[in-house]
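Student: I should like to learn how to read a structure of this kind. Could we look at it together, feature by feature?

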Amino acid sequence: MNKKIGAKILGTGSYFPNKVLTNADLEKIVETSDEWISTRTGIKERRIAANGEYTSDLAYKASLEAIKAANIKLEEIDLVLVATITPDMFFPSTACFLQKKLGLNSVPAFDLSAACSGFVYGVATAKAFIEAGLYKNILLVGAEELSKITDWTDRNTCILFGDGAGAMILSASQQNNDILSVFLGADGSYANLLFIPGGGSINPATAKTVDEKLHSMKMQGKEVFKAAIPKMVFAAQKALELSGRKLEDIKLFIPHQANMRIIEAVAKKMNIPMERVFVNIHKTGNISSATTITALDEAIKTGRLNKGDLVELVAFGGGFTWGATVVKV
Ligand code: ACO
C-alpha cells in the first residue's frame, strides 16, 4: 500500500525593501512620539517600498531566496500561491505577476486573501493540495506593501504597518510530513473593525471615495486588540492539540507581529516564557500576511531554529480571521 503523501518544507526566504522609516521619522509626519509608539506597540522602525517597487517585486526576491534554499529547479514549481491584501492590482492576481517575473509561464497561480492570517491560511491550502496529490512543489508567498493602503495623516494606524515579503517551498514527500497540524477560523461579523471601505463593489472608486479617504485602512484598534488575544490563544491551543504534541515540544512560537503587548499577553495566557517566543516587530512593524513567514525565515537564518525543530505559527487579522499551524523545519 502507498504511504500517505505529506508536505515537506524545503526552504524559506524573505525580502525587505531598503528604506527604513523610524519612529523619529514619523514624529515629523504626524503628532506622535517614539516613546508612545515604543511603549504602546513595541515598534521602532519599519521598511517601506520604493516608488516603482511593487508587492510582486518583494514577492519575487523572497521567492528567489526560498527556491535557492530549497535547492530545486525553478521549473519544478507547479503552483504559485500568494497571500496578500495589498496586491499589485485587483486583478490579475499578484501570483500571476510573480509567476511571470519568475518565468514560470503556464503553471497555475492565484492569490489568497485572509489579511494577517494569510500565510497560515496559505500553509493549510498548500498542505491540502499536496496531500490530495494535485501539486508536487508549491511556492507559497506572503507579501505586502501596507504603506500603500495607509493613511499617512492618521496617527492611529500609520505608525503600525510596514512592507516586506516571505516565501516557502512546500514539496510532496512520502517520507516526511512537516505540517503537523493547521487550525483556521473566521468571523465576518467583525468586518467593519478593520477594513478598507472603498474600491470594491460596496463603494466603487469615485472622486468622493478618494476625498473621504475610503481607500486606506480603517481600524478600531482597541476592539481589534481585545479580540486578537483570546483568538490567538484559542487557535494556538487547537493547532497544538491537533498536532498531538505538547507545549514543551515546541522550540519556538512565532505569533503575528501586530503589537508587542498582544504578543506578551498571548504568551502569558499560554504559559510560554518569552525566550521561546520570536519577536521582530521592533524592526518590521506589522506586515500582515508576510509577518509569520519572514519571522520564520529569520529564526532559521539566525540559528534560533535548527533542522527538525518544531515551531508554531499563530496569526490574527482583518475579517476577523485567525489560524495556527505546527510545523517541523
Ligand atoms: N501617537 C500618540 N498618541 C496616539 C497615537 C499615536 N500614534 N495614536 C493614538 N494616540 C492617542 C489616542 O488619540 C488616544 O488619546 P486620547 O486618550 O486623548 O483619546 C490615546 O493615544 C490612546 O489611544 P488608544 O487607541 O486607546 O491606544 P491603545 O492603547 O489602544 O493602542 C493600538 C492603539 C496600538 C492601535 C492598539 O489598539 C493595537 O495594537 N490594536 C491592535 C492592532 C492589530 O492587532 N491589528 C491586527 C491586525 S492588522 C491586519 O489584519 C491588517
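Tutor: Let us begin with F316, bearing in mind that this is a predicted model. Leaving aside neighbours within four places in sequence, F316 is in contact with C116, S117, V224, A227, A228, K231, M232, H256, T321 and W322.

Student: Which residues touch the most other members of the largest nonpolar core?

Tutor: A nonpolar core is a set of buried residues joined through side-chain atoms within 4.5 Å. Here the largest one has 45 residues, and M232, V266, M270, F316 and F320 touch the most other members. At least two residues of this core come from each of β8 (179-186), α8 (221-243), α9 (260-269), β12 (310-317) and β13 (321-328). The most is given by α8, with 10 residues. Domain 1 (6-176) and domain 2 (180-328) each supply at least three residues to this core. There is also a second, separate core of 30 residues, which includes A114, I138, L140 and I254.

Student: How should I read the side chains along a strand, and which of them are buried in β3?

Tutor: In a regular strand, side chains alternate between the two faces of the sheet. In β3 (residues 45-48), R46 and I48 point to one face and are buried, while E45 and R47 point to the other and are not. Strand β2 (residues 19-22) runs antiparallel to β3 and is joined to it by four bridges; V20 has R47 as its bridge partner.

Student: Which residues come nearest to the ligand?

Tutor: Of the 27 residues around the ligand, these are T32, R40, C116, K222 and N259. As for polar atoms, a side-chain atom of R261 lies 3.1 Å from a ligand oxygen, and a backbone atom of G318 is 2.9 Å from an oxygen atom of the ligand.

Technical notes:
Residues numbered from 1 in each chain as written. Predicted model: local features only at pLDDT ≥ 70, side-chain atom pairs only at ≥ 80, totals over all residues. Heavy atoms only, no water. Buried < 20%, exposed > 50% of the residue type's maximum accessible area, 1.4 Å probe, protein only. Domains from an automatic or database assignment. Contact = heavy atoms within 4.5 Å. Pairing = 2+ DSSP bridges. Near = heavy atom within 4 Å. Polar contact = N/O pair within 3.5 Å; in protein donor to acceptor, adjacent residues only side chain to side chain.
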